[in-house]
Amino acid sequence: MSNTNKKAPARTMDLVERSLARRYGAEKRFRFYGVISVVIGVLALALLFWEIFSAGLGGFRQTHIQLTLKFDPDVLEIADARDARQVQNGNFEGVVRAALAERFPAVLDRGGRRDLNGILSIGAAFDLRDKLVDEPELLGQTRTYWLLADDDVDTYYKSLREGNAFTARTSEARQVWIQELIDGGELRTQFNTRLFTSGDSSEPEMAGILGAVVGSLLTLLVTFILSFPIGVAAAVYLEEYAPRNRFTDFIEVNISNLAAVPSIIFGLLGLAIFIGLFGMPRSIPLVGGLVLTLMTLPTIIISSRNAIKAVPPSIREAALGIGASKMQMILHHVLPLAMPGMLTGAIIGMAQALGETAPLLMIGMVAFIMDVPNGISDPATVLPVQIFLWSDSPERAFVERTSAAIMVLLAFLVCMNTLAVWLRKRLERRW
Amino acid sequence: MESSVLLPVLALLCALAFVAGRSRSLAVAGVGGMRILNSLPFYYGSLTAFWCALPSLAVVLIWSIFDGVIIENMVHALVPPAAVEAAGGNIGLVMNQVRNLAAGHLSADSVEPAIAAAADRLVALERINRWALTGVALSFALIGAILAWLKINPQLRARAKVEDIFRWTLLACASLAILTTIGIVMSVLFESMRFFSKVPVTEFLFGLEWSPQTAIRADQQGSSGSFGAVPLFAGTLLIAGIALLVAVPTGLMVAIYLTEYASPRMRNLIKPVLEILAGIPTVVYGFFAALTVAPVIRDMGVNLGLDEWLTISSESALAAGLVMGVMIIPFVSSLSDDVITAVPRSLKDGALGLGSTRSEVVKLVVIPAALPGIVGSVLLAASRAIGETMIVVMAAGLAANLTANPFDSVTTVTVQIVTLLVGDQEFESAKTLAAFALGLVLFVVTLGLNYFALYIVRKYREQYE
């Protein structure tokens with residue numbers, strides 16, 4: 001007995017010391033797994049941003065070709081440049097073709113001519129028409145302009161500059177012409193203003209996100225106008241009025257369930273109820289806003305409740321104590337004090353709604369719409385859906401435009417989240 | 001009057017009603033002044049304004065929900081059966097023509113006279129409808145305001161009434177959550193029941209073949225379409241499984257590292273960075289998966305020589321699953337972070353005091369104590385992965401393969417819902433209704449997972465203190 005008593009501590013120490021190396025090894029490995037996990041997360045984020053930005057920056061530039069054109073009244077078939085109807089029907093493509101033929105006089109055969117005409121976008125002719133509308137005195141004069149190049153030329157030129165030319169959609173003749181233009185300084189990239197000033201188009205070089213951005217703003221406007229007051233009202237009821245009973249519990253269960261329902265289900269709801277039952281038209285921001293309202297309500301209710309909870313009870317008691325009614329107490333004291341927190345929650349909810357795609361596909365906001373919407377009942381699409389549509393397009397030039405559109409979307413989201421953080425820091429009170 | 005004019009007019013009427021009610025209360029108070037009134041003048045004004053606004057708004061709301069359907073039915077009656085037959089029995093096509101004509105997109109010469117007549121009728125009905133709505137709404141507003149205005153007297157308990165209306169309005173807003181749930185259940189349930197009247201439930205749930213293309217014309221070959229959803233369920237589980245394999249270990253280790261190892265400064269730096277991952281729209285992940293990850297995975301599969309035994313598709317389940325996993329890392333990590341921090345300090349300190357290393361504390365004390373919460377967060381992540389749409393729409397395929405090969409293309413429930421419903425469709429066809437049946441399954445499964453997660457957290461949560 002005494003024997004073991006003496007020996008036991010020594011043996012335990014031995015055991016512990018012998019196991020220490022293994023245990024410290026395990027400790028190190030465990031810590032390493034933690035570091036690796038964090039690194040995986042951060043790397044994934046970095047890779048995502050790198051891919052989007054490296055592909056998207058090119059989308060903000062667009063290749064243009066310099067040409068000297070004559071606004072020949074005979075080719076244009078325009079006698080009076082102030083007559084809107086004549087200008088509308090003018091043969092501007094003829095002017096462009098004539099200018100190209102003059103620039104490359106060696107190209108004589110039909111096929112070659114057709115190939116040559118294709119290096120400029122059909123948008124070039126529209127631009128010329130706009131120029132003539134602005135300046136009717138141009139008729140009969142000769143000017144030099146930078147004209148919009150076709151998307152294949154754009155893709156080829158950009159890939160050429162990066163060192164690995166993408167020749168699959170550019171014939172050898174074209175490559176020679178393009179090289180000639182590059183050597184003469186007649187081909188360059190400019191800032192792609194069209195991306196921000198026009199609606200969707202099936203021609204990549206003419207496609208822009210303005211229609212989608214306006215559609216997104218209109219949809220968000222509807223969402224905000226509906227979801228913020230309703231969300232705040234629901235939060236006030238649940239925090240200030242609701243008795244502890246089964247009905248209140250039922251409301252709360254429903255709110256937390258709705259927060260977890262996949263967004264696509266809200267799209268099915270919108271399709272069946274708003275479009276199927278109420279007969280509202282498809283593709284309009286109003287219906288999109290209604291669907292997103294139902295989807296963001298749980299987020300807004302939950303954050304508004306937290307903001308209301310953060311207002312100390314002493315303020316309520318003081319207000320009630322000097323004779324305010326419950327409504328006065330809420331409207332004069334609780335809501336103003338909770339407003340920054342509620343606004344923060346609402347902005348985060350709006351950011352969520354801005355990035356949402358799936359439910360809007362269900363209610364038809366995925367249609368190809370070239371016009372910029374004017375109101376909440378005009379057919380429209382939204383920015384994430386535009387991204388989805390472009391990413392589906394086979395043209396290579398759409399890839400960089402998709403990335404550029406994603407960069408714009410991310411910029412909006414960053415702004416909204418920064419605003420939310422700023423509001424929280426700046427206006428939120430601590431008691 | 002258009003609703004964009006009607007609503008401001010109503011708002012103006014309310015403001016007027018408020019002023020009228022307020023001044024009337026002061027007038028009826030007479031020489032006694034405010035003191036003999038039951039409530040402040042503000043409440044009399046508000047009461048009048050409420051009576052002006054609420055009834056007429058209710059009328060406008062109900063009216064504008066149902067007017068479209070009613071007008072449509074009245075115009076239907078005018079369309080001759082012959083015209084419907086000419087359009088292949090499709091009344092929707094004829095009505096589209098009528099609507100286009102009414103909106104001036106078509107010229108009246110290009111269609112039959114009966115259709116032109118229907119379009120004229122549509123235009124006339126819509127004009128009548130607008131004016132009738134304006135008249136009814138405004139008269140409701142005026143009558144409501146005048147009635148309330150006449151009732152004002154010093155004994156009227158305006159404050160109590162206004163507070164009641166306020167409270168009921170708030171309650172109505174809160175009940176919208178219930179209404180939304182009912183709406184979801186009704187919309188997916190009714191359409192699903194119609195679907196199940198065409199396709200038996202057992203075939204849908206246990207059938208092994210999914211090809212929803214039904215014939216457009218009756219004489220087409222292979223027109224039956226089969227609706228066995230098992231390949232979709234398998235595809236969904238495969239992709240969600242891959243996503244969870246990525247997200248759960250990574251997210252959990254991130255949470256452990258940030259709570260147990262990282263310095264506060266590091267934590268404040270890394271946490272927001274990882275939360276950016278949660279804020280990126282899913283369509284961006286989808287683009288990333290389709291454009292960057294999928295080709296890499298395919299090349300990797302081919303380079304490893306896997307194509308000798310396996311099908312390697314450019315739209316692999318692996319690409320979609322990996323990217324989805326990255327997307328839900330912050331979801332898992334922030335949920336587990338909360339439950340890990342909730343483990344009391346004293347437990348950890350006790351274990352450390354006995355000589356455990358930190359990893360032993362985590363493995364033997366923290367994780368067992370936080371297990372219900374961690375399981376709950378994994379279940380919530382699973383529900384998120386199953387319901388995720390855009391990544392799989394863009395990166396997973398459309399082919400309903402029943403396979404466990406992650407390099408092959410599979411399709412999921414959400415992808416099929418989107419494919420079946422995007423574009424113009426008929427509400428009657430089995431193809432459209434199938435999407436609602438899939439929606440029902442998705443809704444039930446995600447709801448079930450959420451309930452189960454909450455149940456586990458509630459049931460097995462350790463109460464310290």
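Of the 465 residues in chain B of this predicted model, 41% are buried. The chain has 16 helices and 2 strands. Its C-alpha atoms fill a box of roughly 85 × 75 × 40 Å along the principal axes. The radius of gyration of chain B is 31 Å, whereas a compact globule of 465 residues would have one near 23 Å. Looking at contacts in chain B between residues at least 6 apart in sequence, you will find that 73% join residues at least 24 apart.

One pair of residues gives a feel for distances inside chain B. The C-alpha atoms of B:Ile70 and B:Leu310 are separated by 57 Å, and the two residues lie 240 apart along the chain. B:Ile70 belongs to helix α2 of chain B, which covers residues 41-76. B:Ile70 counts as partly exposed because it has 13 C-beta neighbours inside 10 Å, and partly exposed residues fall between the exposed limit of 12 or fewer and the buried limit of 20 or more.

**A helix with much of its length buried**

Which residues of α15(B) are buried? They are B:Val413, B:Thr414, B:Val415, B:Gln416, B:Ile417, B:Val418 and B:Leu421. Helix α15 of chain B spans residues 413-421, and because 7 of its 9 residues are buried, the helix is largely enclosed by the rest of the structure. The surroundings come from both chains: the buried residues of α15(B) pack against α12 and α16 (358-362) of chain A, and also against α8 (230-261), α13 (358-387), α14 (390-395) and α16 (430-460) of chain B.

**Where the chains meet**

Contact between the chains involves 68 residues of chain B and 67 residues of chain A. On the chain B side, helix α6 (residues 158-198) gives the largest share, with 20 residues. Sorted by class, this side of chain B has 42 nonpolar, 20 polar and 6 charged residues.

**Two helices crossing in chain A**

Now turn to chain A, where helix α12 (residues 263-277) and helix α13 (residues 285-309) have axes that come within 9 Å and cross at roughly 130°. The two helices, α12(A) and α13(A), are therefore oblique to each other. The crossing of α12(A) past α13(A) is right-handed. From α12(A), the residues that take part are A:Ser263, A:Phe266, A:Gly267, A:Leu269, A:Gly270, A:Phe274 and A:Ile275, and they meet A:Val287, A:Leu290, A:Val291, A:Leu294 and A:Met295 of α13(A). In this contact of α12(A) with α13(A), 9 residues are nonpolar, 3 are polar and none is charged.

**Two loop residues with positive phi**

Most residues other than glycine have a negative phi. Chain A offers two residues, neither of them glycine, with a positive value: A:Glu77 and A:Ser283. The table sets them out.

| Residue | Phi | Loop in chain A | C-beta atoms and 10 Å count |
|---|---|---|---|
| A:Glu77 | near 60° | between α2 (73-76) and α3 (84-88) | 12 other C-beta atoms within 10 Å |
| A:Ser283 | near 65° | between α12 and α13 | 20 C-beta neighbours inside 10 Å |

Are these residues buried or exposed? A:Glu77 is exposed, because it has 12 other C-beta atoms within 10 Å and the exposed class takes 12 or fewer. A:Ser283 counts as buried, because it has 20 C-beta neighbours inside 10 Å and the buried class starts at 20. A:Ser283 sits in the loop between α12 and α13 of chain A, the two helices whose axes come within 9 Å.

Methods:
Residues are numbered from 1 along each chain as its sequence is written. Chains are lettered from A and ligands numbered from 1 in the order in which they are written. This is a predicted model: local features need pLDDT of at least 70, side-chain atom pairs count only at pLDDT 80 or more; totals for chains, interfaces and linings use all residues. Helices (H or I, at least four residues) and strands (E, at least two) are DSSP runs, numbered from the N terminus. The radius of gyration is taken over C-alpha atoms; the globule rule is 2.2 Å times the number of residues to the power 0.38. Two residues are in contact if their C-beta atoms, placed from the backbone, lie within 7 Å. Axes are lines fitted to C-alpha atoms, for helices over the stretch in contact, and angles run from 0 to 180 degrees between N-to-C directions. Angles under 35 degrees count as roughly parallel, over 145 as roughly antiparallel, 65 to 115 as roughly perpendicular and the rest as oblique. A crossing is left-handed if the near helix is turned anticlockwise from the far one by less than a right angle, and right-handed if clockwise. Ala, Val, Leu, Ile, Met, Phe, Trp, Tyr, Cys and Pro count as nonpolar, Asp, Glu, Lys and Arg as charged, and the others, Gly among them, as polar.
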